[in-house]
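The exercises below are meant for a reader who is meeting this structure now. Each one sets a task and then works through a solution step by step.

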Amino acid sequence: MSSSAIREREDDEELARSPKRAKVDELTDDGPIVADTSPLMSAAIAAGDSKESTSAVAAESVLPPSHALLGIAPTFSSNGLRQVLQTDVGISEYISRDVPPISGIIKQRFTDFLVFEVNQDHQVIHLKSLDMPESSSKKGKGTNEGSSSTADTGASIAQPQEPVTSAESNTVEELSTSTEAKDKDDSTPADIPWNDQFTEKLAPYLSEASIDQLKTMFLEGREPPRVTDSGWGSRLIKTTEDSAETPDAAKPSEEVDALQSDDTAKRGKNSSGRGDRGGRGGRGGRGRGRGGRQGGEREDHRKVLSEPISSKTDRTVLHQVVRELFGGKLDSETDMSTPAGDDGSRIVIKWSRHGGGRGGGRGSRGGRGDRSDRGNHPPYIHFTLQKTNRDTQDALGYLSRTLHVNIKDLAVAGTKDKRGVTVQRVSLRRGNKTVEDIWKSANQFNRRSVQDILSQRGDRGVRIADFNYRKAGLELGMLKGNAFVITLRNVQVENVETLDRAMNSIKHKGFINYYGMQRFGTAAVPTHSIGLAILKSDWHKAVSLILQNRPGEHPEVVAARDAWLVDGDLDRALALMPRRVVAERCILESYKKQGGETRNAMGALSTIPRNLRLMYVHAYQSYVWNAIVSERIRIHGPDKAVPGDIVFESEPATKGGSGENDGMEVVDDDAGNDNEKQATTEEKGMSSRERKKAAKAAYVAPSIRILTEENAHQYSIFDVIMPLPGRDVDYPGGTLGERYREFLRLDGLDPDNFIRKQKEYTLNGSYRKILQVPKDISWSILRYTDPDVPLAQADEDKLLGFDPPAVVDDGKFRALQINLTLGTAAYATMALREITKTETSSHFQTGLTQASEDQQFRGVVAGDVAELDDGDTEMEVSNMLDS
């Protein structure tokens with residue numbers, strides 16, 4: 001057990017280091033900064049101090065004032081600009097300091113870091129087929145041989161979809177589908193899965209029987225289930241032989257579809273001259289007009305009644321819970337059929353007449369519902385995205401341009417790392433586009449042959465596949481986590497026992513759940529500094545930081561910045577600025593619209609996509625969280641809960657089911673900003689987007705407990721959580737809580753007031769566990785000689801038939817390949833940091849790659865190496881690892 005005495009911090013490089021590691025200080029002065037205490041870093045510090053250049057002062061000033069509390073000496077590159085290291089964002093401690101480090105290079109190649117999203121059904125997402133899909137509802141067209149949707153109807157109650165066929169088996173998310181060519185827009189079950197979150201949130205207000213009844217009604221879908229021909233007897237029917245006069249409900253389900261179509265056409269053409277714009281009533285009538293019930297649709301008498309609820313507050317919260325869980329698809333209202341008794345009023349829950357979400361329940365103009373590209377399929381298309389070395393937002397921007405759709409119509413469950421190969425699901429609000437349209441646009445079918453598409457990698461590192469029609473889009477948090485295949489190159493370790501100790505430590509003790517360096521950007525201007533400026537409403541400083549020059553950028557970006565910052569030429573800056581540089585372009589375009597006027601900095605910031613703006617603010621929250629957790633580990637150790645620690649009284653449920661209100665990189669924590677929009681909001685006449693916004697329930701802070709001497713022993717270190725700064729959190733007890741407040745005050749923030757005039761910048765705060773234990777972890781040692789030869793294979797390359805990675809038994813160098821699964825709130829690079837005990841920033845790892853000995857063997861086959869002069873020690877370790 002760890003002593004409670006306060007221990008001074010140790011720098012990463014003070015830990016044991018392999019003598020065979022190529023020294024980073026052999027880099028030239030122009031090389032990247034790679035370690036806090038290396039000779040090169042020391043020289044850079046000395047150079048920065050001696051120069052006292054204005055650029056160094058300016059660079060230092062971009063960091064928050066609270067950086068001084070970290071006790072980190074400032075470090076500068078040879079040109080006087082600040083290099084942001086992990087210690088600058090509060091990452092300084094380890095769980096297993098007694099285990100020597102395993103030296104290795106992270107992300108030397110893109111395929112060294114493979115990420116696969118884990119969906120809400122715990123299925124790992126992979127690319128399955130690159131072939132062109134075909135909407136199975138197109139009658140009369142043959143499908144590719146052997147193609148069908150997955151027919152395992154019992155596997156899950158996940159989102160139903162319209163089946164899409166291809167020559168390969170479809171994605172793992174294709175569940176509970178039929179290959180019949182029918183319109184399932186309104187007859188399929190609900191479009192979001194029923195999970196434990198639903199039951200848990202409804203339990204305080206509904207009985208178990210009512211919850212079961214509600215679950216059945218919800219999973220049946222908006223339209224009541226069709227009856228078989230043995231069940232028509234209970235319905236009112238006419239005895240006439242005229243099929244046009246026979247109600248649809250009296251027909252067997254096989255006949256209803258054809259009858260409805262025929263009957264609707266007859267009524268629209270012949271009934272009292274009402275026209276064909278919607279059966280009875282046209283637009284706004286009772287036929288298929290806007291707001292009207294679709295022709296032939298059956299009455300829905302299903303409803304769920306609660307027990308009497310005496311508390312008005314409880315009734316209001318139940319309304320909010322229904323809105324939050326079902327996204328406006330179900331309505332809740334006070335039961336007016338019976339008078340309220342002394343025990344209170346009942347709440348009745350039923351399917352909304354307005355539908356829920358885009359395209360549901362509003363009817364359609366005239367023949368719009370009969371269009372094959374819109375009416376016969378649900379309004380969303382889901383597909384699998386593999387991206388290589390691209391930010392998630394950047395990849396979505398590329399897709400929006402390629403597919404000719406609005407980027408706001410694309411959504412993901414979570415953002416993924418840039419440097420690596422990542423696989424995840426994406427949803428598209430498709431409009432009139434079909435899966436065939438999307439496949440052709442994404443693969444540039446107008447200028448590439450099918451053979452080229454199926455034999456070459458996707459353009460710009462982006463490939464999409466495995467298309468499904470769905471009734472709802474994705475939202476942030478709708479995942480369980482991510483599975484990783486990570487390869488560390490040029491691994492050097494004392495012996496095999498050290499390797500096993502390090503891996504077993506992370507397997508059983510976990511790692512500190514820091515926010516990784518991806519959260520803070522890779523540039524000299526970290527995102528959390530911009531976030532602090534936004535929280536302080538210092539709009540001009542935030543804009544200045546975003547537009548500021550930074551080292552190591554692409555020459556075209558440097559030229560664009562200089563065109564504005566140096567020459568003041570707005571037009572040339574916009575012409576030069578690449579579209580992938582989103583925030584900068586948005587600000588410059590805003591200035592352009594204002595005729596070159598720059599005074600409205602807040603307005604310019606507001607043109608940046610909301611998720612990106614929130615990234616800045618959340619980065620500051622993450623910085624403070626990292627710093628305070630490091631303080632907690634340094635003072636109390638990583639072994640047990642202590643008085644003053646915070647724990648959940650009961651684990652909260654989230655979309656992803658991880659128990660933490662946090663996402664991989666970006667979390668929309670402002671769900672409570674629209675508190676005024678309660679259950680009484682009038683939804684009639686509102687657009688689906690407005691309804692969705694109105695349906696956001698008030699944020700309810702989880703119940704927590706601050707431990708005391710009496711109960712601390714009842715909890716483990718894995719129960720301990722730490723708040724992210726915000727308005728609805730409690731700070732730790734004792735000196736750690738005071739330290740937390742000190743950080744915020746030094747940055748000019750009030751620890752007890754995070755409400756802002758701009759509601760989207762109002763921070764609710766949340767809680768995050770301080771330790772994370774990976775699941776399904778395994779590891780193996782591989783040998784290689786040529787560093788350019790991949791040791792893991794991306795899904796796309798497998799489907800294209802590229803040669804798989806080949807293990808070289810007599811390879812000169814070792815690699816450690818790790819397989820693990822992490823929850824939605826964890827960073828794999830922080831798990832690797834616990835193993836390697838070294839800097840994880842991108843410029844540091846780039847420096848390691850450049851200085852690595854294996855770079856001398858690029859293009860060399862293992863058998864061609866004449867003689868390896870590794871020394872006796874190296875050979876001894878090699879034999880131990882191979883034994």
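Two strands pair if DSSP finds at least two bridges between them. Helices (H or I, at least four residues) and strands (E, at least two) are DSSP runs, numbered from the N terminus. This is a predicted model, in which local features need pLDDT of at least 70 and side-chain atom pairs count only at pLDDT 80 or more, while totals for chains, interfaces and linings use all residues. Residues are numbered from 1 along each chain as its sequence is written, and side-chain values use heavy atoms, with hydrogens and water left out.

**Exercise 1. Describe the sheet that contains β16, and state which strands stand at its edges.**

Solution. Begin with the strand order, which is β16-β15-β17-β18 in an open sheet of 4 strands with antiparallel pairing. The edges are taken by β16 (704–706) and β18 (766–769), each of which has a single partner strand, so one side of each is left without a neighbour in the sheet. On average, and with direction ignored, neighbouring strands of this sheet are turned by 50 degrees against each other; axes are lines fitted to C-alpha atoms, for helices over the stretch in contact, and angles run from 0 to 180 degrees between N-to-C directions. Next, look at one pair: strand β15 (residues 646–648) and β16 run antiparallel and are joined by 3 bridges, and I646 has I706 of β16 as its bridge partner. Finally, add the helix α17, which packs on the sheet by touching β17 (720–724) and β18, with a direction at about 145 degrees to that of β17. Contact here means heavy atoms within 4.5 Å.

**Exercise 2. Work out how α11 and α17 are oriented to each other, and which residues make their contact.**

Solution. Two packed helices are described by the angle between their axes and the distance between the axes. For helix α11 (residues 527–535) and helix α17 (residues 610–636), the axes come within 7 Å and cross at roughly 100 degrees. That makes α11 roughly perpendicular to α17, given that angles under 35 degrees count as roughly parallel, over 145 as roughly antiparallel, 65 to 115 as roughly perpendicular and the rest as oblique. On the side of α11 the contact is made by T527, H528, I530, G531, L532, I534 and L535, and on the side of α17 by R613, Y616, V617, A619, Y620 and Y623. Sorted by class, this contact has 9 nonpolar, 3 polar and 1 charged residues, where Ala, Val, Leu, Ile, Met, Phe, Trp, Tyr, Cys and Pro count as nonpolar, Asp, Glu, Lys and Arg as charged, and the others, Gly among them, as polar.

**Exercise 3. Check the span of α15 against its expected value, and find the surroundings of its buried residues.**

Solution. The expected span of a helix is 1.5 Å times one less than its number of residues. The 12 residues of α15 should therefore span 16 Å, and the end C-alpha atoms of α15 are indeed 16 Å apart, which agrees. The buried residues of α15 are A583, E584, R585, C586, I587, L588, S590 and Y591, with buried meaning under 20% relative accessible area, exposed over 50% and partly exposed in between (1.4 Å probe, protein chains only). These buried residues pack against α12 (539–547), α13 (555–565), α14 (570–576), α16 (601–606) and α17. Taking one of them, S590 has a relative accessibility of 7% and so counts as buried; leaving aside residues up to four places away in sequence, S590 touches G603, A604 and T607. After α15 comes G595, with a positive phi near 70 degrees.

**Exercise 4. Is N389 buried or partly exposed, and is D776 buried or exposed?**

Solution. N389 lies in the loop between β9 and α7 (392–403), and its phi is near 55 degrees, a positive value in a residue other than glycine. At 29% relative accessibility, N389 is partly exposed. D776, found in strand β20 (residues 775–784), also has a positive phi, of about 50 degrees, although D776 is not a glycine. With a relative accessible area of 64%, D776 is exposed.

**Exercise 5. Place P378 in the chain and in space.**

Solution. P378 sits in the loop between β8 and β9 (380–388) and is buried, its relative accessible area being 3%. In sequence P378 and N468 are 90 residues apart, whereas in space they are 9.5 Å apart, C-alpha to C-alpha.
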